[in-house]
Amino acid sequence: MKKCAVYTRVSTTMQAEVEYNSCEAQKDRILSYIKSQEDLEFFKIYSDPGFSGGNLDRPALKELLRDIQEKKIDEVLTYKIDRLTRSSKDFYGLIEHFEKFNVSYVSVTERFDTSSPSGRLLRNIMLTFAQFEREMTGERIKDKLEQRAIKGLYNSGPCPFGYKRVDKKLAIDKPSARRVKELYELFIETGSFSKVMAFAKENSLRNPNNNKLISEHGIYRILRNPVYIGKVHWNGKYFDGVHDPIILKVLFDEAQGLTKERVQKKALHKNYYLSRLIKCQVCGSSMTNTFTNKKKRRYYYYKCIKVVKEGKGACSLKEVNAERLEEFIVENLERISKDRNYIESLAFKMLHMSPGSRGFELPDQYEKTFAEKVIQVLHRFGSDYKKGSTLEKALVIKRTLDKINFSKESMEVIVLLEDRKALELTQELSKRLDQSSRGAREGAVNPDAPACNTQFDKTKYGEPLSPSNCSNLTPNTIGFILPHELLKGTRLRKK
């Protein structure tokens, strides 16, 4: 009588937890087969519920191989050949091991055994199809995950800190989302990864997936994860996600540009959003930040430097209330963004009055593309400013406004049409893409490295049409004249 070992396996944990799962069904079918044979005697059941057939790292299979070495078994039976393995390489290795100890193999439902030439032929054919099926299943899973990413659905494993899963989608978890923004703002204000880590420890920030304190690597991943600006990542590509962002893109970009050796202490004055941007048109001097305290209230101003240095009589402009000026500019740029006719007319004048445009007839579509670019910049400016925190508002203004020429009657606001810092960051990070990708795969924590590859950040508003050098004619800034009476009226308290 041959001592028979029964081996069963099922791939998923879900199937394994069913009361009468396929492992049980496989066992019953094999035991029925053994009873129908006169020369077979049942020895032991080896079962691997919830283990993949793509590798041999299975506890019951390892136990089976040890018992074979100890010559306790004469024959191994499975329900189908793919229950033993789905890899042709692994299968041939197992059969070689069986034959070394004079153990035969039988697939019950496929009616062959390895002791005959026809059985070995059928075995090879069935195994080839089993491996083909596994590879096709893998391809289908990859395609499905890619389609989910294209639709903006998150695929990348555990739920990131700051979010929770609702109906298989990411939803903002307000308490932890607030902490995410605090981590970014602290990193930008201090330029110190160690201070961010200390803040996380002081506030006992925990990983929502295992409730353990967030590690240094976890904080590093938070500071580099584009999921917080509404992006999803799959297979080296970034897509617009359907989930709401926690922080603005300007805040994320600013964090990516910080490295330990390049931190520049450029103060982002939370009380002076327009710091270093305003120039006095009366005397040509810059306007600096100042404030006064009255009745336990502090009022913030932009003051002509010439007045600060030489006295009140040095310039007739003197000072302007900071809050009123900031609100006036934001409100008027938002109003202008909704006036398409005005922007298209201004774009036409700018393109045709450019010194380099002489001798060229610019196509209408090119003018519309430029006007659309201006509208998008202004829309994004207004939207981000409204949604942003104090630090984010300061960054939005720094990235969008180039300078402000201020006089008593009017001011000229120069708007940047390209985020220069983001473009520089894109070029720098693209050079480090391979190195940073390797570091992420190896799980290395490197606070000196840029926090993320932001190659997807570069927005294209449309390719220039003929003539071929039209792109050289496109202005990088656009100016708006805003009449005002900001020097009159009461002083407002800065919030």
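A residue is called buried here when its relative accessible area is under 20%. By that measure, in this predicted model, both Tyr 184 and Phe 252 are buried. Their ring centres lie 6.3 Å apart with the planes at 40°, so the pair is classed as tilted. Tyr 184 belongs to helix H7 (residues 174-190) and Phe 252 to helix H10, so the contact ties together parts of the chain that are 68 residues apart in sequence. The two rings also join Tyr 163 and Tyr 228 in one aromatic cluster. Helix H10 (residues 249-256) is itself largely enclosed by the rest of the structure, because seven of its eight residues are buried; among them are Val 250, Leu 251, Asp 253 and Glu 254.

Aromatic contacts turn up elsewhere too, with eleven pairs in the structure. In one of these, Phe 91 and Tyr 105 meet edge-to-face, at 5.9 Å centre to centre and 75° between the planes. This pair links helix H5 (residues 88-100), which holds Phe 91, to strand E4 (residues 104-107), which holds Tyr 105. Phe 91 counts as buried at 0% relative accessibility, and Tyr 105 is buried with a relative accessible area of 0%. Charged side chains also sit over rings: Arg 298 lies over the face of Phe 291, 3.9 Å from the ring centre, and Lys 393 over that of Tyr 385, at 5.1 Å.

On the surface, Leu 121, Ile 125, Phe 129, Phe 132 and Met 136 make a nonpolar patch of about 510 Å². Of these, Ile 125 is placed in helix H6 (residues 117-150) and is partly exposed, with a relative accessible area of 40%.

Notes:
Residues are numbered from 1 along each chain as its sequence is written. This is a predicted model: local features need pLDDT of at least 70, side-chain atom pairs count only at pLDDT 80 or more; totals for chains, interfaces and linings use all residues. Side-chain values use heavy atoms; hydrogens and water are left out. Patches are made of residues with over 30% relative accessible area and no salt bridge: like charges are joined within 9 Å, nonpolar side chains (Val, Leu, Ile, Met, Phe, Trp, Tyr) within 5 Å. Accessible areas come from the Shrake-Rupley method with a 1.4 Å probe; for residues, only the protein chains shown count as cover. A salt bridge is a side-chain nitrogen of Lys or Arg within 4 Å of a carboxyl oxygen of Asp or Glu. Helices (H or I, at least four residues) and strands (E, at least two) are DSSP runs, numbered from the N terminus. Buried means under 20% relative accessible area, exposed over 50%, partly exposed in between (1.4 Å probe, protein chains only). Rings of Phe, Tyr and Trp (its six-membered ring) pair if their centres lie within 6.5 Å; planes under 30 degrees apart count as stacked, over 60 as edge-to-face and the rest as tilted. A charge sits over a ring if NZ of Lys or CZ of Arg is within 6 Å of the ring centre and within 35 degrees of the ring normal.
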